[in-house]
Amino acid sequence: MTTVLIVDDERDMRNLLEVILRKENIRTMTAANGYEAYEQLSKRSVDLILLDVMMPEIDGFTVCKTIRQTSNVPIIFLTAKDANEDKVNGLTIGGDDYIVKPFTANEVIARIFAVLRRTETAGVQPVQKLLMHGVIKIDEVSRKVFVQDVPVPLTLKEYEILHLFIQNPNIVYSREQLLECIWDMDYVGGTRTVDTHIKTLRLKLGKQLKEASEYIQTVWGIGYRFGEPL
């Protein structure tokens, strides 16, 4: 799942962007100023930063320059100014794109995905991120799954289900919630498709080691969760 850090001193703007991004199944982190942004980045890596230019204490350009000393994470500037010199300055110091307020939700999403595609093509990849739970390991960069270090080939949806589970162990997801998280909210295939994917995922994990399939547990009458084998 893509993670975006939103840096803006206006709470309403941060909340608006969070709503826009979460509708696209993008995980969000927020910071009200440059100092909070540095703190967030010291704790966790992100895939992209939405960075407001006009902030008190430390402006967005300064924040960008500081981040660029240690990271190539994609940065999109947000600003109420439409001056060409500001755009040139932002792109010159290391920004990847520029969005002028006010903006539409479609514009924000389109620019985020465009920047991510460009950086992937250019070979800019985040530092390897591994998720591990028992005998199961996920490499988030290569999107590969391993059971006892043996690769397990999964389809895109199977990978996304397992990725969601391993990030949120012991959380019970209803079939409807899984449809909303993994498929489009208006997906017409019904909840049976969730059961089918879970069954196939268990079979693939269990082919290498039976214990691996037992991490995905059925919660009767509700849905599924991911946890230590019972």
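How many disulfides does a search of the whole structure find? The search finds zero. This is a predicted model, and its cysteines are worth a look. C64 is buried, with a relative accessible area of 0%. C181 is partly exposed, with a relative accessible area of 26%. A disulfide would need a pair of cysteine sulfur atoms within 2.5 Å.

Now the overall layout. The protein has nine helices and 12 strands. It counts 230 residues, and 45% of them are buried. Take the contacts between residues at least 6 apart in sequence: 53% of these join residues at least 24 apart.

Start with helix α1. This helix covers residues 11-22, which makes 12 residues. At 1.5 Å a residue, α1 should span 16 Å. Its end C-alpha atoms are 16 Å apart, so the expected and modelled spans agree. Which residues of α1 are buried? They are M13, R14, L17, E18, I20 and L21. These residues cover an arc of only 165 degrees around the axis, which puts them on the same side of α1. The general rule is that an α-helix has 3.6 residues a turn, so residues three or four places apart point the same way. The other side of α1 carries R11, D12 and R22, which are exposed.

Next comes the parallel sheet. Five strands form an open sheet in the order β2-β1-β3-β4-β5, with parallel pairing. Which strands stand at its edges? They are β2 (27-31) and β5 (97-100). Each has a single partner strand, so one side of each is left without a neighbour in the sheet. Neighbouring strands here are turned by 20 degrees against each other on average, direction ignored.

Look at the β5 end of this sheet. Strand β4, residues 75-79, pairs with β5 in the parallel sense over four bridges. Across this pairing, F77 stands opposite Y98 in β5. Helix α3 (residues 60-68) packs on the sheet. This helix touches β3 (48-52), β4 and β5. The direction of α3 makes about 170 degrees with that of β4. The buried cysteine, C64, has a relative accessible area of 0%.

The antiparallel sheet follows. Four strands form an open sheet in the order β6-β7-β8-β9, with antiparallel pairing. Its edge strands are β6 (130-133) and β9 (150-151). Each of them has a single partner strand, so one side of each lacks a neighbour in the sheet. Helix α6 (residues 156-167) packs on this sheet, touching β6, β7 (136-139) and β8. The direction of α6 makes about 110 degrees with that of β7.

Walk across the sheet from β6. This strand has a covered face, L131 and H133, and an uncovered one, L130 and M132. Four bridges join β6 to β7, and the two run antiparallel. M132 has K137 in β7 as its bridge partner. H133 has I136 in β7 as its bridge partner. The two strands form a hairpin with two residues between them. There, G134 takes a positive phi near 60 degrees.

What about β7: are its side chains buried or exposed? I136 and I138 point one way from β7, K137 and D139 point the other way, and all are buried.

Strand β7 is joined to β8 by four bridges, again antiparallel. D139 has K144 in β8 as its bridge partner. This hairpin has four residues between the strands. R143 lies in the turn and has a positive phi of about 60 degrees.

The last pairing leads to the edge. Two bridges join β8 (residues 144-147) to β9, and these strands run antiparallel. F146 stands opposite P151 in β9.

To recap, set the two sheets side by side. One has five strands with parallel pairing, and α3 packs on it. The other has four strands with antiparallel pairing, and α6 packs on it. Both sheets are open.

Methods:
Residues are numbered from 1 along each chain as its sequence is written. This is a predicted model: local features need pLDDT of at least 70, side-chain atom pairs count only at pLDDT 80 or more; totals for chains, interfaces and linings use all residues. Side-chain values use heavy atoms; hydrogens and water are left out. The expected span of a helix is 1.5 Å times one less than its number of residues. Buried means under 20% relative accessible area, exposed over 50%, partly exposed in between (1.4 Å probe, protein chains only). The arc is that of the directions from the helix axis to the C-beta atoms. Two strands pair if DSSP finds at least two bridges between them. Contact means heavy atoms within 4.5 Å. Axes are lines fitted to C-alpha atoms, for helices over the stretch in contact, and angles run from 0 to 180 degrees between N-to-C directions.
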